[in-house]
Amino acid sequence: MTVKGEMTIGQQAVSGNSKPINAINPATGETLEPTYAGGSKAEVDKACELA
């Protein structure tokens, strides 16, 4: 499986369109790849609806 920096909403891979987000390694403070584009309000609402 290749991590592409996309969100999964329902069964679809979605590229977000908000401020970029990266995970942080808590032990080192290192920024981890890939970068994810944050979800818009509409994308968050859709994910909540489907949950």
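Tutor: A salt bridge is a side-chain nitrogen of Lys or Arg within 4 Å of a carboxyl oxygen of Asp or Glu. Keep in mind that this is a predicted model. A search of the whole structure turns up two salt bridges.

Student: What makes Asp45 and Lys41 a salt bridge?

Tutor: Their side chains meet at 2.8 Å, N to O. The cut-off is within 4 Å, so the pair qualifies. Asp45 and Lys41 sit four residues apart in helix H1 (residues 41-50), about one helical turn.

Student: Why is Lys41 called exposed?

Tutor: Lys41 has 63% relative accessibility, and exposed means over 50%, so the word fits. Asp45, at 38%, is partly exposed, because that term covers values between 20% and 50%.

Student: How do you know that Lys46 and Glu49 form a salt bridge?

Tutor: Same kind of check! Their N to O distance is 3.7 Å, and the limit is 4 Å, so they pass. Both lie in helix H1, three residues apart, about one turn of the helix.

Student: Which of the labels, buried, partly exposed or exposed, do Lys46 and Glu49 get?

Tutor: Lys46 counts as partly exposed at 39%, while Glu49 counts as exposed at 61%.

Student: What about Glu43: why does it have no salt bridge?

Tutor: Glu43 also lies in helix H1. The nearest side chain of opposite charge, Lys41, is 12 Å away; a salt bridge has to be within 4 Å, so this pair doesn't count. Glu43 is buried all the same. Leaving aside neighbours within four places in sequence, its contacts include Met7, Ile9 and Val14.

Key
Residues are numbered from 1 along each chain as its sequence is written. This is a predicted model: local features need pLDDT of at least 70, side-chain atom pairs count only at pLDDT 80 or more; totals for chains, interfaces and linings use all residues. Side-chain values use heavy atoms; hydrogens and water are left out. Helices (H or I, at least four residues) and strands (E, at least two) are DSSP runs, numbered from the N terminus. Buried means under 20% relative accessible area, exposed over 50%, partly exposed in between (1.4 Å probe, protein chains only). Lys and Arg count as positive and Asp and Glu as negative; His and the chain ends are not counted. Contact means heavy atoms within 4.5 Å.
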